[in-house]
Amino acid sequence: MSTSLVETKKLFIETLGCAMNVRDSEHMIAELNEKESYELTEKSEEADLIIINTCSVREKPVHKLFSELGVFKKKKKEGAKIGVCGCTASHLGKEIIQRAPYVNFVLGARNISKITEVLHKDKAVEIDINYDESEFAFKDFRTSPYKAYINISIGCDKACTFCIVPKTRGDEISIPTDLIINEVKRVVATGVKEIFLLGQNVNNYGRRFSDNHEKVNFTELLRRVSEVEEVERIRFTSPHPLHMDDEFIEEFASNDKICNQMHIPLQSGSTKILKEMKRGYSREWFLNRIEKLRDLLPEVSISTDIIVAFPGESDEDFEETIDLVRQVKFNQLFSFKYSARPHTEAENYTNTVDPEVASARLTFLQNLQDEIIDERTPTYLDKTYDVYFEALRSDGYISGRTATGILLKVKGSEELLGTTKAVKVIKTGRAVQEGEVLT
Ligand code: 5AD
Ligand code: SF4
C-alpha cells in the first residue's frame, strides 16, 4: 500500500462468502487506500471504518449479520463508521438501516466501485443491480503476493430456482479480454505465478460484453492467459456443468499451465430434482462430462457442491445423489441443507422436506464423503508432488498446494514462499498433509 503525508485512518473489513467477495473486498481496500488514505487493521476496536462484506446465499449468515453488527456497534471507536456491503446489502437494502440505524451506508455487490462516494453520504443505500461498472478498472490491492484473483465476469444469467445470486449480482456481463490479459500481465510483473479466474459461470464467458468487444469464449481466454509467459498456474471457479463442451474439456486437459483441479457444482444427483432446480442438465450429462475429463486426465481432482432436501426431494432422489457420490468419489464435497431464499422461484414451493429428514440426509452425505476422503488420503503417503508455497501458517509451517489442490505443509524457511518445490508426503491427514522438501 502507498504511504501518504495525509493522516491515515484505519479500516477493518470482514469478508464472508465466496471468492468473488474476497476480490470485491480487495477492490474496496484499494479504493479506500488510494483515495481516502485508509490502512488495514485487524482490530475492529481501533478502526475508523468497519465494513462487513456479506453473503446471502443461505439464510444463516444473514441472521448472523445483525448480531455481528450489534457487537461492532458496542466495540467500535467513538465516531467510527459501519458499512454493510455485498450480497446481503443488495438483497435487504434500506431494511438494514431500519433494523440497525447506526449503520452508515449500504453498498450492493454490484456497486462496490462507489465505495468512496457512499462513505461521505450518511445513510446512503446503493444497490442498483443494473449498474454498469463499465471500466471494471479499480485501483489494485491483493491479499496474497503469490496468487491473484481476477474477475472475468460479473453477475449471473442463470435462473436456478434456489439461488438468490442473480438478484444480488444482476445480469451477467463479461469483462473485455484485453482488460483481463492486461491485469494478468500486471500481476505477474509483481511476482505472482498463480492466476485464479473468477466468475459465477466462468465457462459462459463471452456471451455478453457491455460494449462491442471481440467475442472470445472461455476456452480461448484460457489459452490467452496461458500464453502470458510468466504465468505458471491457472485455476478458475466455477464452471457450469451445462457449458462443459468437449473443446473446453480438451483445452483443460492439454494445457500444462491449467491446474488439474476443477470445482463442478452438481447440486443433485437426481434428474428430476435438477429439472426442478432448472439446472439445464441431467444426471447422465454430468456423469458423461466427468467420464470425459477422467479419460483425458485420470489424475484430475474434482470437487462439487450439493444441496440436500430441495423441495420435493424423495428418498429415491436422495439415493440417486448418494449413488452418484459413490460413483464419482469427489476429492472435496461442499454440502448444504436447502435454505429458502427470498426472490427465488423455489421460495414458494410448498412440497418442503421435513427438517429432521433434511438434517439426517446432510449427515449421511457428509459421513459418506469423510469415508471417501479417509480412503484416499493414505494413498498420498510417500508420493512426491510439485507444491507452490503460498502461506505461513499459524503453527509455523509453510504451506502450499499441488496442482490438484492437495494442501501440504512443510517445516522450512519463509524463503520457500512463492517458489515451487518437489515435496514428499511423510504424514497424511484429512485436511492437510505433511511433507518434506526434496529439492
Ligand atoms: N440453499 C442451500 N444452498 C444453496 N446454495 C446456493 N443457494 C442455496 C440455497 N438456497 C449452494 C449451492 C451453490 C453454493 C455456493 O451454495 O450449492 O453451489
Ligand atoms: Fe458469493 Fe453468492 Fe454469497 Fe454473493 S450470495 S457472496 S455471489 S456465494
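In this predicted model, strand β10, helix α8 (residues 218-226) and strand β11 form a β-α-β unit of right-handed sense. The protein is divided into three parts, namely domain 1 (9-126), domain 2 (147-377) and domain 3 (381-437). This briefing covers the strands around β10, the surroundings of ligand 2, the domain layout and selected salt bridges.

**Strand β10 and its partners**

- Strand β10 spans residues 194-198, and 5 of its 5 residues are buried.
- Burial applies to both faces of β10: Glu194, Phe196 and Leu198 lie on one side, while Ile195 and Leu197 lie on the other.
- Strand β7 (residues 147-151) runs parallel to β10 and is joined to β10 by 5 bridges.
- Within this pairing, Ala148 has Ile195 of β10 as its bridge partner.
- Strand β11 (residues 233-237) is also parallel to β10, and 5 bridges connect the two.
- Glu194 faces Arg233, a residue of β11.
- The β10 and β11 strands are the two strands of the right-handed unit, with helix α8 as its helix.

**Surroundings of ligand 2**

- The residues around ligand 2 are Cys18, Asn21, Cys55, Ser56, Val57, Cys87, Val165, Arg169 and Gln200.
- Sorted by class, this shell comprises 5 nonpolar, 3 polar and 1 charged residues.
- Two domains contribute to the shell around ligand 2: domain 1 (9-126) and domain 2 (147-377) each supply at least three residues.

**Domain layout**

- A distance of 34 Å separates the C-alpha centres of domain 1 and domain 3.
- Domain 1 covers 9-126, and domain 3 covers 381-437.

**Salt bridges**

- The structure contains 30 salt bridges, of which several are described below.
- Lys121 and Glu126 form one of them through their side chains, with an N to O distance of 3.8 Å.
- Lys121 counts as partly exposed because its relative accessibility is 39%.
- Its partner Glu126 has a relative accessible area of 17%, and therefore counts as buried, the limit for burial being under 20%.
- A further salt bridge joins the side chains of Arg283 and Glu320, again given as 3.8 Å from N to O.
- This pair connects distant parts of the chain, since Arg283 belongs to helix α11 (residues 283-296) and Glu320 to helix α12 (residues 315-328), with their positions 37 residues apart.
- Arg283 has a relative accessibility of 9% and so counts as buried.
- Glu320, by contrast, is partly exposed because its relative accessibility is 30%.
- The side chains of Arg393 and Asp395 also meet in a salt bridge, at 3.3 Å from N to O.
- Arg393 is partly exposed, with a relative accessibility of 26%.
- Asp395 is likewise partly exposed, at a relative accessible area of 37%.
- Through shared partners, salt bridges also join Glu214, Glu220, Arg223, Arg224, Glu247 and Glu251 into one network.

Notes. Residues are numbered from 1 along each chain as its sequence is written. Chains are lettered from A and ligands numbered from 1 in the order in which they are written. This is a predicted model: local features need pLDDT of at least 70, side-chain atom pairs count only at pLDDT 80 or more; totals for chains, interfaces and linings use all residues. Side-chain values use heavy atoms; hydrogens and water are left out. A residue is near a molecule or strand if one of its heavy atoms lies within 4 Å of it. Ala, Val, Leu, Ile, Met, Phe, Trp, Tyr, Cys and Pro count as nonpolar, Asp, Glu, Lys and Arg as charged, and the others, Gly among them, as polar. Domain bounds come from an automatic or database domain assignment. A salt bridge is a side-chain nitrogen of Lys or Arg within 4 Å of a carboxyl oxygen of Asp or Glu. Buried means under 20% relative accessible area, exposed over 50%, partly exposed in between (1.4 Å probe, protein chains only). Helices (H or I, at least four residues) and strands (E, at least two) are DSSP runs, numbered from the N terminus. Two strands pair if DSSP finds at least two bridges between them. A crossover is right-handed if, with the strands pointing away from the viewer, the path from the first strand over the helix to the second runs clockwise.
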